[in-house]
Amino acid sequence: MVIKVISVIAYLVLAPIVGCILAGLDRKVSAKMQRRVGPPILQPYYDVRKLFEKEKMAPTRYQDFYIIAYLVFLIGAGAIFFAGGDLLLVIFTETIGAAFLVIAAYSSNSPYAEVGAERELLQMMAYEPMMLLTAVGFYMFHGSFTVDDLVKPDTMAFLPMIGLFIGFIYILTIKFRKSPFDLSMSHHAHQELVRGVTTEFVGRTMGWIEVSHWYENIFLLGFIFLFFCNGTVWGCVIGALVCIAAYFLEVFIDNSFARMKWQFAFKSAWIVAIVLGMVNIFILQLVF
Amino acid sequence: MAYVTKSPWVVHYDGSSCNGCDIEVLACLMPMYDVERFGIINTGNPKHADVFLVTGSVNEQNKDVVRQIYEQMPEPKVVVAVGICACHGGVFRDAYNILGGVDTVIPVDCYVPGCAARPEAIIDGVVKGLGILQAKREAMVNGAKAIPAEEEAPAEEAPAEEAAAPAEETAEEIKEEGGEA
Amino acid sequence: MGTITFLIIFPMIIAFVLLAARSDKARDMIVYIATAVIAAGSIVCAIQYFGSAGEYFPVHGEVVGYLMMAIEIGLAVYIIYTGIKHKKYLASLLALVQTPLMIWFELSHGHEIEVQYNMYIDRLSVIMILIIGIIGSLICVYALGYMKDFQHHHAGEKDRRPWFFFVMFLFLGAMVGLVTSNNMIWMYFFWEITSLSSFWLIGYTRTGEAINNSFRALIMNLLGGLGFVIGIIILGTIFGTLELSTMLVYGSIYGDLVAIPAAFFAFAGITKAAQMPFNSWLLGAMVAPTPTSALLHSSTMVKAGVFMIIKLAPVLGISNFAGLMVMMVGGITFLFASCAAISQNNAKRVLAYSTIANLGLIVACGGVGTPEAVWAGIMLIIFHAITKSLLFLCVGTAEHHIGSRMIEDMDGLFVRMPKVAMFMIIGIAGMFLAPFGMLISKWATMTSFVDSGNFILVGIICFGSAVTAFYWLKWMGKLSAVVANEENVEQSVHKSETFVHVTLTILTVVVCLIFPLISMYGLVPYLEGVFGGIATGLLSSSNMIIMVIMLAVLVLLAAMFFGKSKKEQVPIYLAGVNKGDNRTYYGSMQKEVQFSLRNWHMESIFGEHRMNVIGDVLTVACLVIGIGAVIATLISLLGGVA
């Protein structure tokens, strides 16, 4: 119990720090790939602090509620994850958070925010099957949905679940809002649909959105970590290394591809989920 | 120190410019000058922006657009008029539909002259604007409303010849930094 | 026993009284009192029997049996007559086949079979009675105000409201009968009454479309009725019993043999629950006034179908053809009906597809037949009944005030009808979001599917729930949009309608808060009774508690922050100049352009026709294989005996 409380507190405190540094490294690496010097590593932190200094504005009286709910549930999803909770519960909690973000964008009735919101919905529809299948895969392999049990198994899930792993990396591009799937809002090309789903979020509100991304990224990487847990230290080390590698792989993909159309994003994500996810699940069922 | 100076996000509006200055603004974002070093990002959304870059003069058609973009930016904010047209109308000043510089519609904090304004000068103008941003932020914290930009503006206004000199310096620095990188 | 008889007979008496009551005032009075009595009666019934493990009542009644037979013959004659009158010969033909078959069986074999218990009640019946008694009654109350408006909108037509309320109450009585009959012949009698009642309700407006659709519903349900009759005959001739309880007991003795009649009963359930390929009748039913849709979708009719399948669950399962057929039909229906909902703009059709999809999930749960799956299925029934009736009734009210049932026209409903929009948003959230009931049930469904070892169902639910979130959220977004300068048109909503909305909204939230209790005291004992062992593998109590905490947090956040932002309100960004009203901007040449926002229907991927064709083909294949396998087993069995 004490360990759980500590790990949740550690998540709440450390996730934004690590997330922020990762985001800074992302920008630095992207800059280097484009032969630029790039901003300081702490630039995302400055951005957020700056956003908090800005004047308070909102298009409606209701936006704040939606954003607060978004934050609470998104961070809650991560907290459940690091408390060793149920993987499906984590995914559902995250979905409700994402739903509130979409509703916040819709509530402004701004055309740009609404198109962004609809694209966000499309992305949710694209990545959700794969996320659920990954959780199911863990259950089939380790016999449990709880993260508690998944971090201390005897065998590494990576090889038997390699299809699910690749599929998860694929949808991670959508979740990290990286090109070619940065349809609803993009971190780099700041001109897509004005600013997509976040168009009407001003100052502090926008700041919170950025912070929530840091939280979200960390617990998504936590999913990857689970593929490598096998109860030993070197399993954890490999897991941590692969998490970092996966993050920078996404950065690399981000800088190497142009944005695709929504049809491609949606269809390819589902095809990956069917081909890699379902087949892997089928094999797991046959073998385990 | 206000963080606003470390991450000035820019929204760029093209009034009735000949596109010369616009291309120079974009040049600032390119690897050569790489303004992201200073945390500058070109956002398309006035609601996220701190610095309003206007190129070209203001005419009857776009005066409301300029005014509205300005109004939609949250405080603290600065306006940088880029190029001689944005400063006072340039060669178009006497055209029937031109109102004049950007300051005929909204308060301008920094004037960057030139035709077209050079990237070094633009960066210099934005960096000058950061000082004003800082002042405005401090004014906000102190409870007062941000200092009206008109009072600041004349102090920042510089004839084209004078502005060129610091701009050259900046260019030197940039070249050096670029060399190091 | 007295309470149950009362709950069957009383609504029927009221139905006839309402047929006679012509004035609005008298009708209002009668309906208010009668619904209060029915709701109270169902609660009394619940208190009486909830603690017991289930009771069986002998109810010896030769007379009742003959009375039912007489009524059945009368109804069959009626169907044959109307079928011929409207040139729907298929309906006449089906009635002509099944009723004589039934009568023949009852008089020959059926007569010899001793039925020990004609009626029973257990916790599942109690839950169904509560749903029928409370939600059904609320819908009747709502119908009072709604039908006044409806009559107003259709001025000049004959006022057939006495008939409408007659059928509504008849329906409630028949439903209570259906969920408490142990004798399959009695159940069949109530089954047929519900089919006919829905036929009358769908055809209420007597337009050409309404009549066509009502006959479609009738034909499909008669087809199911035929399956029911065949099931009864097989059960009677081979197993020598007519009792549902005995059949379930035989399930554990004779194993998969019992699946043979069960397959036919399940077929009847599938038609009634509007599963693909029979889903078109429920969509057609949308022509009827909204209370009808609400009643059909939430507390009666389709719930009879899934009730039947949930009842049969112990003899279904992955190991026999009947179970496989049922779970695949349910699963496929869930996926493709959810997909088809994306392409819909008509709010009632979205609701209809969502009902079909959720029923599919319940049917699949019944087909899987493990205690966990049945737990999830019953939870789905409860939550779906409450939430779906709330949504239908909100759409109905909105339709009368904004003059459209299209989702695209619900722009800014948040401003125009704030209360209705709020209720609708809560209802939609209840359909798929995390701390609410439907998601809890879906979660349990998912775990039970994974455990069942049918990986296709696992895939179906993963994809299906993603699709579900898409179509609900885009509707929810539309509702929550704050469109400036809209007029509030809510004042003229009938008080009775608002009362029903509020009650259902409170029920939606409260039932979610107390669902661990429902599970602990209602479902787990029921499952232990039916399946023998202690039900394991349910959602762990810590997860249930987290869900309840989440809901509490959500309610708390809403109370603290909703609409309380002190931030300066600014106009939205529109490229060009926002005129200031947030709806118009100056386009090129200073021209004023008014924008409007439209949802995304993805016709090219999720076109309704395409989804229906794929779903129909797959489900027909499942049904043909399933029933075919069952018949083959039957023939080999009979051959073996001979």
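The exercises below, each with a worked solution, concern a predicted model and go from one chain to the contacts between chains.

**Exercise 1. Describe the overall build of chain A: how many helices and strands does the secondary structure come to, and what radius of gyration does the chain have?**

Begin with the count, which for chain A comes to 10 helices and one strand. Next place the strand in the order of elements, which from the N terminus on reads α-α-β-α-α-α-α-α-α-α-α. Then turn to the dimensions: the C-alpha trace of chain A spans about 55 × 45 × 40 Å along its principal axes. Finally, compare with the globule rule, under which a compact globule of 288 residues would have a radius of gyration near 19 Å; chain A has 19 Å, and the two therefore agree.

**Exercise 2. Classify the packing of H1(A) against H9(A), and state which residues make the contact.**

First take the geometry: helix H1 (residues 2-33) and helix H9 (residues 233-256) of chain A pack at an angle of about 40°, with their axes 10 Å apart. Since angles under 35 degrees count as roughly parallel and those from 65 to 115 as roughly perpendicular, H1(A) is therefore oblique to H9(A). The crossing of these two helices, H1(A) and H9(A), is right-handed. On the H1(A) side the contact is made by Leu22(A), Asp26(A), Val29(A), Ser30(A) and Met33(A), and on the H9(A) side by Tyr247(A), Phe248(A), Val251(A), Asp254(A) and Asn255(A). Sorted by class, the residues of this contact are six nonpolar, two polar and two charged.

**Exercise 3. Carry out the analysis for H6(C) and H13(C): at what angle do the helices pack, and which classes of residue does their contact have?**

Helix H6 (residues 123-153) and helix H13 (residues 290-299) of chain C pack at an angle of about 170°, and their axes lie 9 Å apart. As angles over 145 degrees count as roughly antiparallel, H6(C) and H13(C) are therefore roughly antiparallel to each other. The residues that meet include Ile131(C), Ile135(C), Gly136(C) and Tyr146(C) from H6(C), with Pro291(C), Ala294(C) and Leu295(C) among those from H13(C). By class, the contact of H6(C) with H13(C) has 10 nonpolar, four polar and no charged residues.

**Exercise 4. Reconstruct the sheet of chain B and the helices that pack on it.**

Start from the strand order, S2-S1-S3-S5-S7 in chain B, which describes an open sheet of five strands with parallel pairing. The edges are S2 (41-42) and S7 (110-112) of chain B, each of which pairs on one side only. At one of these edges, two bridges join S1 (residues 9-14) to S2(B), and Trp9(B) stands opposite Ile41(B). Now add helix H1 (residues 20-29) of chain B, which touches S1, S2, S3 and S5 of chain B and whose direction makes about 140° with that of S3(B). Helix H4 (residues 119-141) of chain B also packs on the sheet, touching S3, S5 and S7 of chain B, and its direction makes about 160° with that of S5(B).

**Exercise 5. Determine which element of chain A gives the largest share of the side that touches chain C.**

The contact takes 49 residues from chain A and 45 residues from chain C. Several elements of chain A each supply at least two residues of this side, including S1 (57-58), H5 (111-142) and H10 (262-287). The largest share, 14 residues, comes from H5(A). By class, this side of chain A has 31 nonpolar, 10 polar and eight charged residues. S1(A) also pairs in the parallel sense with S3 (residues 568-569) of chain C over two bridges, where Met57(A) stands opposite Glu568(C).

Conventions:
Residues are numbered from 1 along each chain as its sequence is written. Chains are lettered from A and ligands numbered from 1 in the order in which they are written. This is a predicted model: local features need pLDDT of at least 70, side-chain atom pairs count only at pLDDT 80 or more; totals for chains, interfaces and linings use all residues. Axes are lines fitted to C-alpha atoms, for helices over the stretch in contact, and angles run from 0 to 180 degrees between N-to-C directions. Helices (H or I, at least four residues) and strands (E, at least two) are DSSP runs, numbered from the N terminus. Two residues are in contact if their C-beta atoms, placed from the backbone, lie within 7 Å. Ala, Val, Leu, Ile, Met, Phe, Trp, Tyr, Cys and Pro count as nonpolar, Asp, Glu, Lys and Arg as charged, and the others, Gly among them, as polar. Two strands pair if DSSP finds at least two bridges between them. A crossing is left-handed if the near helix is turned anticlockwise from the far one by less than a right angle, and right-handed if clockwise. The radius of gyration is taken over C-alpha atoms; the globule rule is 2.2 Å times the number of residues to the power 0.38.
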